[in-house]
Each structure stands twice: as C-alpha cells, then as structure tokens.
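Please look over the sequence and the fold together before reading on. The paragraphs that follow move from the chain as a whole to a pocket, a helix pair and a few single residues.

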Amino acid sequence: MWFDRRAPFVAHNVSFDYGFVAYEFDRIGRRFRFPKLCTCAGMRRRYPGHKSYGLGKLCETYGISLANHHRALCDARAAAQLLNLINQKRSEEGQSAEAA
C-alpha cells in the first residue's frame with residue numbers, strides 16, 4: 001500500500017481514528033506517520049456556536065447524508081463534506097481580509 005506522506009490524515013475527531021490505524025500498522029511492523037486534520041476542530045473554529053460538534057449533529061444541521069453512521073465509509077464521506085464547508089469558509093475569510 002502506498003501513501004503520500006505529505007497528505008494529511010483527515011477525520012472527525014481525528015486522534016481517535018488515527019490511533020486505530022497507527023496501531024494496526026504497528027502490529028505489522030510498519031510506521032504510520034501523517035499530519036492530522038480534524039474536521040471537528042475545524043468546524044468549532046469556523047462555525048462557532050453549535051451546542052454539539054458531533055458528526056451526527058453537524059450532518060443534520062448542514063444537510064449531509066449520514067445513513068450508516070459509525071461505518072467507516074459513511075463517516076469518511078461526511079467528514080469530507082465537512083472539510084469542504086471548512087475550506088469554503090476559509091476561502092471566504094481570506095477574500096474578506098484581502099478586500100479590507
């Protein structure tokens with residue numbers, strides 16, 4: 001399996017998922033080291049004021065499909081859509097700063 005070492009490991013509550021993957025790589029004698037990007041932290045920063053930043057609640061709020069919550073592929077797709085929201089907000093903030 002090949003991974004681009006420059007690409008971040010992205011997940012909602014990234015340390016939880018990263019720990020599982022790193023442990024499994026360690027079991028087979030391989031090192032797993034990637035920068036981490038957390039969509040939970042990103043949403044807290046870019047979209048403050050929510051009561052809950054759980055994946056389920058955020059998906060409900062932003063109309064993101066989460067039909068099989070807690071299944072890897074479903075949660076990964078939802079996290080990718082949250083990352084798109086975060087990046088969109090970052091872009092908007094950057095344009096506002098440039099205009100000022």
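In what follows, Ala, Val, Leu, Ile, Met, Phe, Trp, Tyr, Cys and Pro count as nonpolar, Asp, Glu, Lys and Arg count as charged, and the others, Gly among them, count as polar. It should also be said at the outset that this is a predicted model.

The secondary structure of the protein chain consists of four helices and two strands, and, read from the N terminus on, these elements follow the order β-α-β-α-α-α. Taken along the principal axes, the C-alpha atoms of the chain fill a box of roughly 50 × 35 × 20 Å. Of the 100 residues in the chain, 28% are buried. Where contacts join residues at least 6 apart in sequence, 52% of them link residues at least 24 apart.

The largest pocket offers a place to begin with the details. Its volume is about 390 Å³, and its lining is made up of 15 residues, with Ala 11, His 12, Asp 17, Asp 75 and Ala 76 lying nearest the centre. Which elements supply at least two residues each to this lining? They are β1 (9–11), α1 (14–27) and α4 (72–99), and the largest share, four residues, comes from α4. By the grouping given above, the lining of the largest pocket divides into eight nonpolar, four polar and three charged residues.

Helix α4 also takes part in a helix pair, for the axes of α2 and α4 come within 10 Å of one another and cross at roughly 35°. The crossing in which α2 passes α4 is left-handed. On the α2 side, the contact is formed by Thr 39, Gly 42, Met 43 and Arg 46, which meet Ala 79, Leu 82, Leu 83, Leu 85, Ile 86, Lys 89, Arg 90 and Glu 93 on the α4 side. The residues of this contact divide into six nonpolar, two polar and four charged.

Within this contact, Arg 46 merits a separate look. Arg 46 belongs to helix α2, which spans residues 39–46. Is Arg 46 buried or exposed? Because its relative accessibility is 15%, and buried means under 20%, Arg 46 counts as buried. When residues up to four places away in sequence are not counted, Arg 46 touches Ile 86, Lys 89, Arg 90 and Glu 93, and each of these four is listed among the α4 residues in the contact of α2 with α4.

A further group of contacts centres on Tyr 18, a residue of helix α1. With a relative accessibility of 12%, Tyr 18 counts as buried. Leaving aside neighbours within four places in sequence, Tyr 18 is in contact with Phe 9, Phe 32, Arg 33, Phe 34 and Lys 36. One of these partners, Phe 34, lies in the loop between α1 and β2 (36–38), and Phe 34 is buried as well, since its relative accessible area is 10%. The C-alpha atoms of Phe 34 and Val 14, which stand 20 residues apart along the chain, are separated by 11 Å. As for Tyr 18 and Ser 96, they are 78 residues apart in sequence, and their C-alpha atoms lie 34 Å apart in space.

Two loop residues call for attention on account of their backbone angles. Asn 13, in the loop between β1 and α1, has a phi near 65°, a positive value in a residue other than glycine. His 70, in the loop between α3 (55–62) and α4, has a phi near 75°, and this too is a positive value in a residue other than glycine. How exposed is each of them, and why does His 70 count as exposed? Asn 13 is partly exposed, with a relative accessible area of 43%, whereas His 70 counts as exposed because its relative accessibility is 62% and exposed means over 50%.

The path ends back in helix α4, where Ala 80 is placed. At 37% relative accessibility, Ala 80 counts as partly exposed. Ala 80 and Gly 63 are 17 residues apart in sequence, and the distance between their C-alpha atoms is 13 Å.

How values were computed. Residues numbered from 1 in each chain as written. Predicted model: local features only at pLDDT ≥ 70, side-chain atom pairs only at ≥ 80, totals over all residues. Heavy atoms only, no water. 1 Å grid on protein atoms, 1.4 Å probe; cavity = no way out; pocket = protein on both sides within 12 Å on 5 of 7 lines; lining within 4 Å. Points joined across faces, edges and corners; volume = space filled by probe spheres on them. Buried < 20%, exposed > 50% of the residue type's maximum accessible area, 1.4 Å probe, protein only. Contact = heavy atoms within 4.5 Å. Axes fitted to C-alpha atoms, helices over the stretch in contact; angles between N-to-C directions. Left-handed = near helix turned anticlockwise from the far one by under 90°.
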